[in-house]
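Colleague: Could you take a close look at one part of this model for me, the place where the domains meet? I'd like to know what each side brings to the contact, and how that fits with the chain as a whole.

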Amino acid sequence: MTRKRAVLTVLHRLAVLAYVAFALFPLFWLLKVSVTPTSLLYTEGIRLWPSQASLEHYKFVLTHSSFPTFFLNSTIVSASTAVIVTLVASLAGYAMSRFVFRGKYWIVSLLLLTQMFPLVMLIAPMFKMLSPLGLTNSLTGLVIVYVAFNVPFATFLMQSFFDGIPKDLEDAAMIDGATRFTAFRQIILPLTLPGIAATLGFVFTAAWSELLFALMLISGNQATTFPVGLLSFVSKFSVDFGQMMAAGVLALIPACLFFLLIQRYLVQGLTAGAVKG
Amino acid sequence: MTSTSAAAPPDGDRRTAMQKMAVRLEPWLYSAPVLILIVAIMLVPLALGISYAFRDIRLLNPFSGAFVGLKHFRDLASDSAFRGALVNTLWWTFSSVILQFLFGLILALLLNQPFKGRALAQALCFLPWAVPSFLSGLDWAWMFNPVVGPIPHWLYALGIMSEPSNILSDPKTAMWGPIVANVWWGIPFFAITLLAALQAIPKDLYEAAEIDGAGPIERFRSITMPFLAPTIAISILLRTVWIANFADLIIVMTNGGPADRTQIVASYIFTQAFRRLDFGYASAIALVLLVLLLAYSMLIVALRQTMLSRH
């Protein structure tokens with residue numbers, strides 16, 4: 001019996017290890033090629049680590065390419081989207097959590113519906129709508145689009161955080177004469193700070209990753225975001241793998257930072273966002 | 001009773017009416033910004049897009065815009081690339097969902113056992129989910145590339161390939177590239193949702209079953225599965241719809257090629273809108289996709305109803 005248990009334990013650890021290796025290997029490979037000097041890239045083929053590592057590709061990407069601009073653009077777009085979405089979604093999430101009212105069912109259904117239909121459907125009409133307003137080729141246009149796409153999911157997420165805070169708290173404040181909005185702002189919001197941070201993180205990551213609408217709406221270099229920049233780099237200079245992967249590693253940094261921040265809230269986020277993914 | 005209400009000053013009456021109104025409006029005030037955003041930036045373009053499906057809208061042709069009725073749909077019926085994309089969509093969606101679900105379930109069961117370093121292992125296993133989708137597409141495309149990637153050389157060493165070549169450029173195998181990338185990227189989603197459901201199962205049920213002499217397989221079958229079933233059903237349904245719409249990996253890795261063998265309906269829509277700038281035709285395909293997805297969702301809901309009523 002104990003022998004059988006020991007064998008099972010070993011098998012279990014091996015299986016976990018195998019999956020960790022599968023999950024990390026592609027990222028490890030990205031890192032490996034990004035530090036391999038071009039002269040060794042082809043001769044050393046599939047060695048797990050180059051005989052000599054260098055940061056030349058990073059140096060080139062940071063000083064001789066437009067990637068710093070793309071990085072800045074993506075950061076501006078993602079951060080503004082995250083802030084606006086969180087602000088608006090915490091209001092709506094609070095309403096979904098605290099009020100029982102006619103029409104709530106319809107609002108929830110509308111929010112769910114937006115998560116079900118193919119967003120790629122909106123690419124053409126969105127372009128037609130934004131172009132006369134001067135919002136194509138502009139970071140503002142992207143922020144507007146991303147805010148709308150992320151707001152339904154963020155509302156469900158914020159609702160789940162508000163649901164975890166007892167109602168008595170604002171009831172007590174309101175008996176003492178505070179309006180509901182004051183109670184919401186001064187008592188409930190501070191308690192939801194971890195939830196707000198998680199929502200910021202989820203939305204930032206989603207906006208950082210968006211590719212198709214950015215491709216369609218942006219055509220000038222000035223407002224290019226990181227995904228679009230990387231993709232056009234790939235199709236233009238498809239020879240320099242080291243530089244491409246160095247740029248790829250840079251794109252990974254903010255996403256991973258936010259992942260570490262929101263790791264604790266993943267389960268809550270995904271159950272709220274089961275509708276979104 | 002009647003005397004008090006008659007004696008109440010009319011001014012107070014109005015105030016309570018206003019207060020009632022304010023109370024009734026309050027939830028709408030909180031939800032208004034979200035509702036306005038969704039209507040203006042999602043529903044309006046959706047309606048516009050549906051109207052484009054019946055019009056000739058090409059971005060480069062200033063004289064386009066006329067109503068063409070069902071012309072796009074007649075073209076679609078004879079468009080062999082579209083028919084191919086339909087088949088590819090089924091293939092892409094179901095193999096991705098099934099593989100993601102199976103590995104996600106195994107991973108969730110593995111992580112549900114307590115062991116030293118579990119928190120770290122869990123964080124590392126979930127990491128692929130945080131990788132931006134365009135980057136996982138590019139990363140896997142590089143992994144499959146014989147010039148910089150190891151996979152062709154491994155497959156060659158194992159005797160599966162006669163020479164180290166790129167599976168993405170072979171029409172017969174190309175679809176596996178985006179599917180593998182999608183599975184790698186999507187396993188954490190299933191693992192996280194299923195792990196949450198597993199941890200919600202009361203532990204004493206297992207203890208009681210063990211005392212009654214139920215083996216591990218019996219316990220899995222009669223306790224774990226029934227508890228997980230609702231989560232499994234809902235996450236598979238939603239994931240199927242989501243993955244059917246998910247074109248990023250394909251656009252990044254193969255752009256639908258070689259010879260349209262990896263073109264799914266969603267990427268075909270994007271190609272029509274983005275490369276050919278034929279917004280009318282793109283919108284017609286999108287409308288077909290929308291109807292198919294709605295039909296699929298309704299089918300699942302109906303199945304669920306019949307299954308519930310049978311129990």
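Modeller: Sure. Chain A splits into domain 1, residues 2–54, and domain 2, residues 58–275. Keep in mind that this is a predicted model. The C-alpha centres of domain 1 and domain 2 of chain A sit 32 Å apart. Where the two touch, domain 1 of chain A puts in seven residues and domain 2 of chain A puts in six. On the domain 1 side, the elements giving two or more residues are α1 (2–34) and α2 (38–41) of chain A. Of these, α1(A) has the largest share, with four residues. As for chemistry, that side of domain 1 of chain A is made of four nonpolar and three polar residues, with no charged ones.

Now for the chain around that contact. You won't find a strand in chain A: the count is 14 helices and zero strands, so reading from the N terminus it's α after α to the end. With a radius of gyration of 23 Å, well over the 19 Å that the globule rule gives for 277 residues, chain A is more spread out than a compact globule. Along the principal axes, its C-alpha atoms fill a box of roughly 75 × 75 × 35 Å. Buried residues account for 46% of the 277 in chain A. And if you take the contacts in chain A between residues at least 6 apart in sequence, 76% of them join residues at least 24 apart.

Key: Residues are numbered from 1 along each chain as its sequence is written. Chains are lettered from A and ligands numbered from 1 in the order in which they are written. This is a predicted model: local features need pLDDT of at least 70, side-chain atom pairs count only at pLDDT 80 or more; totals for chains, interfaces and linings use all residues. Domain bounds come from an automatic or database domain assignment. Ala, Val, Leu, Ile, Met, Phe, Trp, Tyr, Cys and Pro count as nonpolar, Asp, Glu, Lys and Arg as charged, and the others, Gly among them, as polar. The radius of gyration is taken over C-alpha atoms; the globule rule is 2.2 Å times the number of residues to the power 0.38. A residue is buried if 20 or more other C-beta atoms lie within 10 Å of its own, exposed if 12 or fewer, and partly exposed in between; C-beta atoms are placed from the backbone.
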